[in-house]
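User: I'd like to learn how to read helices and surface exposure from a model. Can you walk me through one?

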Amino acid sequence: MVLFVMIAVGWWAAPTDRATALPAPGTTGDTEPYQFTATALPTGGLAAATALIIAGLIIGAVVVGRIFYSPSRKRR
C-alpha cells in the first residue's frame with residue numbers, strides 16, 4: 001500500500017514538461033561534478049550522523065524483534 005502511495009505522489013510531483021526538467025548532476029560541463037559531496041559535513045559531523053543512523057537502525061531492529069519475534073509465554 002505504501003509503495004502505491006509513493007508511486008502516486010512521485011507521478012503527481014513529476015514535471016509535466018520533460019524539457020523543463022533539471023539536467024542530471026555533472027552533465028552541464030562541470031569538471032568536478034561531485035566537488036561538494038565530501039565537504040557537505042565536516043569529518044566529525046559525518047561520523048556523528050553515521051553513528052546516529054546506525055544507532056537508529058539497531059534500536060528499530062530491537063523494537064521490531066521484541067514486538068513480533070519475542071518468545072511466547074506458556075499459559076497454565
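Analyst: Let's go from the whole chain down to a single residue. Keep in mind that this is a predicted model.

User: What does the secondary structure of the protein chain come to?

Analyst: You'll find 2 helices and 0 strands. Helix α1 covers residues 2-13 and reaches 16 Å from its first C-alpha to its last, close to the 16 Å expected at 1.5 Å a residue.

User: How many residues of α1 are buried?

Analyst: Buried means under 20% relative accessible area. The number for α1 is 0 of 12, so the helix lies largely in the open. Across the 76 residues of the protein chain, buried ones make up 0%. The chain exposes about 7700 Å², with carbon and sulfur atoms supplying 69% of that.

User: Which residues form a nonpolar patch on the surface?

Analyst: That's I59, V63, V64, I67, F68 and Y69, with about 680 Å² of accessible area together.

User: Where is Y69, and is it buried or exposed?

Analyst: Y69 sits in the segment after α2 (43-68). Exposed means over 50%, and Y69 has a relative accessible area of 66%, so it counts as exposed.

Technical notes:
Residues numbered from 1 in each chain as written. Predicted model: local features only at pLDDT ≥ 70, side-chain atom pairs only at ≥ 80, totals over all residues. Heavy atoms only, no water. Patch = residues over 30% accessible without salt bridge, like charges linked within 9 Å, V, L, I, M, F, W, Y side chains within 5 Å. Areas by Shrake-Rupley, 256 points an atom, 1.4 Å probe, with all protein chains shown as cover. Salt bridge = Lys/Arg side-chain N within 4 Å of Asp/Glu carboxyl O. Helix = DSSP H or I, 4+ residues; strand = E, 2+ residues; numbered from the N terminus. Buried < 20%, exposed > 50% of the residue type's maximum accessible area, 1.4 Å probe, protein only. Expected span 1.5 Å × (residues − 1).
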